[in-house]
Number of protein chains: 4
Amino acid sequence: MSPRRLEAFSDGVIAVIITIMVLEMKVPHGADVTALAPLVPVFLAYVLSFVLVAIYWNNHHHMFHAVHHVSGGTLWANMHLLFWLSLVPFTTGWMDENHFAPVTVAAYGLVLLGAGVAYFILTRVLLATHGHDSAFARALGNDFKGKVSLVLYVAAIALAFWQAWLALAIYAAVALWWLVPDRRFERLLAERK
Amino acid sequence: MSPRRLEAFSDGVIAVIITIMVLEMKVPHGADVTALAPLVPVFLAYVLSFVLVAIYWNNHHHMFHAVHHVSGGTLWANMHLLFWLSLVPFTTGWMDENHFAPVTVAAYGLVLLGAGVAYFILTRVLLATHGHDSAFARALGNDFKGKVSLVLYVAAIALAFWQAWLALAIYAAVALWWLVPDRRFERLLAERK
Amino acid sequence: MSPRRLEAFSDGVIAVIITIMVLEMKVPHGADVTALAPLVPVFLAYVLSFVLVAIYWNNHHHMFHAVHHVSGGTLWANMHLLFWLSLVPFTTGWMDENHFAPVTVAAYGLVLLGAGVAYFILTRVLLATHGHDSAFARALGNDFKGKVSLVLYVAAIALAFWQAWLALAIYAAVALWWLVPDRRFERLLAERK
Amino acid sequence: MSPRRLEAFSDGVIAVIITIMVLEMKVPHGADVTALAPLVPVFLAYVLSFVLVAIYWNNHHHMFHAVHHVSGGTLWANMHLLFWLSLVPFTTGWMDENHFAPVTVAAYGLVLLGAGVAYFILTRVLLATHGHDSAFARALGNDFKGKVSLVLYVAAIALAFWQAWLALAIYAAVALWWLVPDRRFERLLAERK
């Protein structure tokens with residue numbers, strides 16, 4: 001089966017996720033600039049979540065250029081990823097509501113870790129259906145960045161209980177590290193030409 | 001008419017349904033782990049609804065690989081399915097709000113039954129437009145699993161008034177049974193190669 | 001320019017409209033069947049709005065099978081249609097909130113009239129870009145049903161101030177009349193084969 | 001990489017943005033025409049935001065007809081545009097809530113300016129990947145209208161603190177100016193035939 005509809009459905013789900021997060025930013029009732037002050041951390045959390053979800057879409061987009069067929073297992077591995085991403089608006093809102101209290105920052109990291117693990121599983125399922133000597137496998141490589149990100153999320157979750165802002169700094173650092181879309185699959189496409 | 005736009009529209013509607021359900025999980029005001037305790041059943045209901053809607057998308061995705069043309073009747077049979085699925089966030093929220101009271105659990109089952117019947121009607125309409133000796137008809141087979149699911153939902157709705165948790169267990173069991181996407185249409189595609 | 005992206009964008013907007021309407025049905029706090037009683041008219045209004053928006057999607061879907069190219073004017077005529085459809089959740093909610101008071105029923109009809117006029121304008125713009133002797137023009141014909149619907153909506157809006165339920169009956173009757181998707185474009189496709 | 005999925009994802013995000021804005025129009029509790037009176041400015045703000053977001057979609061649609069491949073940089077330039085557009089419902093709601101107080105009108109303009117700058121950056125990134133003597137570059141031309149719009153937004157933001165309605169008039173004037181979709185890319189397509 002071709003991955004076309006899996007891509008279209010994922011696009012739809014991620015488009016809704018990334019857009020409904022903005023609804024967490026409640027319109028302030030004051031009409032001057034100071035009314036926006038309490039929204040500053042909420043806004044920064046929105047930017048962080050927007051960038052993190054955007055990174056998943058970008059990498060998904062890049063990776064599926066090397067995917068030729070999907071199995072029933074691929075559909076569920078992809079749904080599993082979308083499930084974790086669908087929780088991002090909730091954990092973002094919980095952090096906002098409680099001024100980045102340690103537990104809420106750890107919960108935010110837990111959802112990021114879940115999405116990261118789900119993405120890792122998705123790459124393994126695709127690897128199994130395409131074969132270890134496929135172009136997909138060569139483009140994926142040893143997936144160093146993906147594995148280190150998971151370790152960093154685990155560290156951040158633990159650190160959140162000590163210094164919540166340190167955990168947030170790690171989430172932001174991982175996001176910055178991934179800002180460059182996944183070149184491995186771009187290189188693969190370049191080779192084919 | 002090709003089923004391309006019917007697929008795209010269904011993808012969009014199901015993507016919105018599966019994502020707005022997360023809005024039913026109201027952000028708790030407490031900032032410690034105990035604040036999440038009342039959310040546990042709400043979260044489990046979300047997981048169940050997410051999986052059930054995901055199953056419909058997966059089966060829809062698989063089935064339409066064997067669909068070559070759609071008629072006006074197909075469009076309405078599909079809309080009828082989307083209508084019942086669109087009620088899933090409502091019945092999920094009603095269960096959450098009332099701690100899985102019998103009536104709400106039965107209503108949840110009624111919507112699942114409605115979606116199941118709508119899916120059954122959709123297969124009959126597609127059967128009529130493709131013919132009983134088509135590849136579609138052969139792949140669909142006697143649709144044993146679809147028919148048994150409807151019977152199980154009827155039983156669960158009745159049981160909900162006696163033991164609500166038993167009904168929920170049946171919904172979850174049906175979901176687990178369907179976790180494996182509809183192999184019939186995968187087999188059809190494999191044969192064609 | 002090909003109509004592919006116009007179709008995809010319209011699918012997305014209509015998918016969101018048809019799904020967010022369900023959010024107007026507020027989850028009741030009671031846990032027995034009587035708690036649902038006040039929701040019955042709200043549910044019927046949801047069914048009516050769902051069917052009316054679904055009719056627009058179906059006819060849009062059918063009509064665009066005969067559309068080969070879109071101009072800048074087509075994009076705006078289509079956006080104008082989507083604008084009126086985007087108001088359906090609002091007028092549905094207003095009727096719900098005020099127990100189908102005359103003004104709210106008339107406002108509901110006004111939005112339907114707006115959407116009907118916008119659809120009519122869209123057919124004229126497509127007629128102008130395809131030519132009066134095109135297959136599109138032949139399939140569209142004299143558009144009797146479209147024109148009569150507009151007259152019926154005008155009548156219903158006036159009647160709403162006298163007997164609101166009569167106006168609602170007319171809206172429902174128009175919906176039933178359109179339940180059969182637009183055969184004209186199906187016939188055109190059949191001829192081509 | 002082909003721009004197909006970037007287009008599909010952008011369609012999804014913009015479809016959600018344009019539709020959730022209508023949720024800012026809270027259903028009034030009164031049941032007569034006077035209950036709608038306080039909604040009139042809110043409705044006009046909705047129309048303005050709908051038209052402005054629609055313009056971005058139209059221009060995006062036109063421009064991408066001349067785009068043949070996208071790079072990692074294009075994805076982020078496009079995400080950056082979607083980010084600013086995702087803030088339009090928030091600033092629209094803030095203006096509504098505070099009766100178009102100066103700061104809120106300036107904030108609305110700031111988001112429009114952000115979207116305008118993001119669109120400008122997107123054209124530069126596409127220019128860099130397609131080359132300055134490409135069909136894309138010729139169709140884009142000197143982008144006079146895009147640059148003047150940015151200057152007008154800056155002027156409107158400053159004027160908002162003096163006369164908020166003047167700023168709103170400028171936003172509306174820019175919208176009217178852009179109502180005609182971007183002919184440059186239509187001309188390019190006509191030449192190719």
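## Where chains B and C touch

How many residues does the contact take from chain B, and how many from chain C? Chain B gives 30 residues and chain C gives 41 residues. Keep in mind as you look around that this is a predicted model. Together, chain B and chain C bury about 3,100 Å² between them, and 74% of that lies on carbon and sulfur atoms. Three residues stand out on the chain B side: B:Arg5, B:Trp76 and B:Phe90 supply 26% of the area that chain B buries against chain C, more than any other three residues.

There is some polar chemistry here too. Between chain B and chain C you can count two salt bridges, and 10 residue pairs are in polar contact, both residues being at pLDDT 80 or more. Which parts of chain B give two or more residues to the side that touches chain C? They are α1 (4–20), α3 (72–86), α4 (88–97) and α5 (102–130) of chain B. The largest share of that side, 10 residues, comes from α1(B). If you want a salt bridge to look up, try the side chains of B:Arg4 and C:Glu7, which meet at 2.9 Å, N to O.

## How the copies are arranged

Now for the symmetry. In general, a rotation about an axis and a shift along it relate two copies of a chain. Here, a turn of 90° and a shift of 0.0 Å along the axis lay chain B on chain A with an RMSD of 0.0 Å. The two copies are thus related as by a four-fold rotation axis. They use different surfaces, with 5% of the contact residues of chain B recurring in chain A.

Chain B goes onto chain C in the matching way: a turn of 90°, a shift of 0.0 Å along the axis and an RMSD of 0.0 Å. Which residue of chain B has its C-alpha nearest the axis? That is B:Gly12, 4.1 Å from it. Only 7% of the interface residues of chain B are also interface residues in chain C, so these copies meet through different surfaces.

What about the pairs that don't touch? No contact joins chain A and chain C, and their closest C-alpha atoms lie 8 Å apart. Likewise, no contact joins chain B and chain D, whose closest C-alpha atoms lie 8 Å apart.

## The nonpolar core

The largest nonpolar core has 316 residues. Which of them have the most contacts inside it? The answer is A:Tyr171, B:Tyr171, C:Tyr171 and D:Tyr171.

Take B:Tyr171 and set aside its neighbours within four places in sequence. Its contacts then include B:Leu48, B:Leu52, B:Val105, B:Ala106, B:Leu112 and B:Ile157. B:Tyr108 and B:Tyr153 are among the contacts of B:Tyr171 as well.

## Two buried residues that reach across chains

Find B:Trp94 in helix α4 of chain B. Is B:Trp94 buried or exposed? B:Trp94 has a relative accessible area of 0%, so it counts as buried. Leaving out neighbours within four places in sequence, B:Trp94 is in contact with B:Val103, B:Thr104 and B:Ala107, and also with C:Val27, C:Pro28, C:Gly30, C:Asp32, C:Ala35 and C:Leu36. You can also check its C-alpha against that of B:Val105: the two residues are 11 apart along the chain, and these atoms are separated by 8.6 Å.

Over in chain A, A:His60 is found in helix α2 (residues 39–63). A:His60 is buried because its relative accessibility is 2%, under the 20% cut-off. Not counting residues up to four places away in sequence, A:His60 touches A:Leu6, A:Ser10, A:Asn78, A:Leu81, A:Tyr119 and A:Leu122, plus D:Arg5 from chain D.

## A backbone angle to look at

Most residues other than glycine have a negative phi. A:Phe100 has a positive phi of about 60° although it is not a glycine. Where is A:Phe100 found? Look in the loop between α4 (88–97) and α5 (102–130) of chain A. With a relative accessible area of 9%, A:Phe100 is buried.

C:Phe100 also has a positive phi, near 60°. Its place is in the loop between α4 (88–97) and α5 (102–130) of chain C. C:Phe100 is buried, with a relative accessible area of 9%.

Notes. Residues are numbered from 1 along each chain as its sequence is written. Chains are lettered from A and ligands numbered from 1 in the order in which they are written. This is a predicted model: local features need pLDDT of at least 70, side-chain atom pairs count only at pLDDT 80 or more; totals for chains, interfaces and linings use all residues. Side-chain values use heavy atoms; hydrogens and water are left out. Copies are superposed by least squares on the C-alpha atoms of residues with pLDDT of at least 70 in both. Contact means heavy atoms within 4.5 Å. A nonpolar core is a set of buried Ala, Val, Leu, Ile, Met, Phe, Trp, Tyr and Cys residues joined through side-chain atoms within 4.5 Å. Buried means under 20% relative accessible area, exposed over 50%, partly exposed in between (1.4 Å probe, protein chains only). Buried area is the accessible area (1.4 Å probe) that two parts lose on being put together, summed over both. A salt bridge is a side-chain nitrogen of Lys or Arg within 4 Å of a carboxyl oxygen of Asp or Glu. A polar contact is a pair of N or O atoms within 3.5 Å; within protein, one must be able to donate a hydrogen and the other to accept it, and residues adjacent in sequence count only if both atoms are side-chain atoms. Helices (H or I, at least four residues) and strands (E, at least two) are DSSP runs, numbered from the N terminus.
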